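Please examine the sequence and the three-dimensional structure shown below. The paragraphs that follow lead from the surface to the interior.

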Amino acid sequence: ESFAPPPRMIIFGAVDFTAALARASKLLGYRVTVCDARAVFATPQRFPMADEVVNDWPDRHLAKVGDELGSRDAVCVLTHDHKFDVPAITAALDTAVGYVGAMGSRRTHADRVRRLRENGVDDAALARVMAPIGLDLGARTPEETAVSICAEIIALRTGRRARSLRDADGPIHA
């Protein structure tokens, strides 16, 4: 019998894709936290499948729980807004979390990388960020996207090679 605590999935951004990712993560045995500074969006009613819904800025939340994160845990940034993304990713990279992923187009990610570098994030840390998030499965719906994100997390954790959107070129959606 294993008595290890479940791995943690921290999802930043109370958006439509968050509910699907929270459901898929629960199916895989994660303890799911949804965090967003906008209390009107981050509510237990919108995310009943989450173990915890937190109204706080991503970097402040990670300052509280970051020391508890390890290689089995995941941080997914789904906000698409640099004022949330950059502090969330920067704070996540300062932890031992095993997976850091961020949603957005290639153009959004290029802008995000520029901002992260301006924030002092080096190339080695940037290499940990899986963005655009997910495997290149052709996902369109929030549920399909959640599957592609979870599959990428599994592949990274198990050391398997699968084609990530990060490693591909061109449009995310054909």
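On the surface of this predicted model, a nonpolar patch is formed by Leu 27, Leu 28 and Ile 154, which together have about 300 Å² of accessible area. One of these residues, Leu 27, belongs to helix α1, which covers residues 16–27. Leu 27 has a relative accessibility of 74% and therefore counts as exposed, since the term applies to values over 50%.

Helix α1 also holds Thr 18. Is Thr 18 buried or exposed? Its relative accessible area is 0%, so Thr 18 is buried; the limit for this term is under 20%. A polar atom of the Thr 18 side chain lies 2.4 Å from the backbone oxygen of Gly 13. Leaving aside residues up to four places away in sequence, Thr 18 touches Ile 11, Gly 13, Val 34, Phe 47 and Leu 78.

The interior may now be considered as a whole. The largest nonpolar core has 26 residues, and those touching the most other members are Met 9, Leu 21, Val 32, Cys 76, Tyr 99 and Ile 153. At least two residues of this core come from each of β1 (8–12), α1, β2 (31–35), β4 (74–77) and α6 (142–158). The greatest contribution is that of α1, with 5 residues.

Met 9 illustrates how such a residue is surrounded. When residues up to four places away in sequence are not counted, Met 9 touches Ser 25, Tyr 30, Arg 31, Val 32, Thr 33, Ala 74, Cys 76 and Ile 153. Apart from the largest core lies another core, of 25 residues, including Phe 12, Ile 89, Leu 116 and Val 121.

Key. Residues are numbered from 1 along each chain as its sequence is written. This is a predicted model: local features need pLDDT of at least 70, side-chain atom pairs count only at pLDDT 80 or more; totals for chains, interfaces and linings use all residues. Side-chain values use heavy atoms; hydrogens and water are left out. Patches are made of residues with over 30% relative accessible area and no salt bridge: like charges are joined within 9 Å, nonpolar side chains (Val, Leu, Ile, Met, Phe, Trp, Tyr) within 5 Å. Accessible areas come from the Shrake-Rupley method with a 1.4 Å probe; for residues, only the protein chains shown count as cover. A salt bridge is a side-chain nitrogen of Lys or Arg within 4 Å of a carboxyl oxygen of Asp or Glu. Helices (H or I, at least four residues) and strands (E, at least two) are DSSP runs, numbered from the N terminus. Buried means under 20% relative accessible area, exposed over 50%, partly exposed in between (1.4 Å probe, protein chains only). A nonpolar core is a set of buried Ala, Val, Leu, Ile, Met, Phe, Trp, Tyr and Cys residues joined through side-chain atoms within 4.5 Å. Contact means heavy atoms within 4.5 Å. A polar contact is a pair of N or O atoms within 3.5 Å; within protein, one must be able to donate a hydrogen and the other to accept it, and residues adjacent in sequence count only if both atoms are side-chain atoms.
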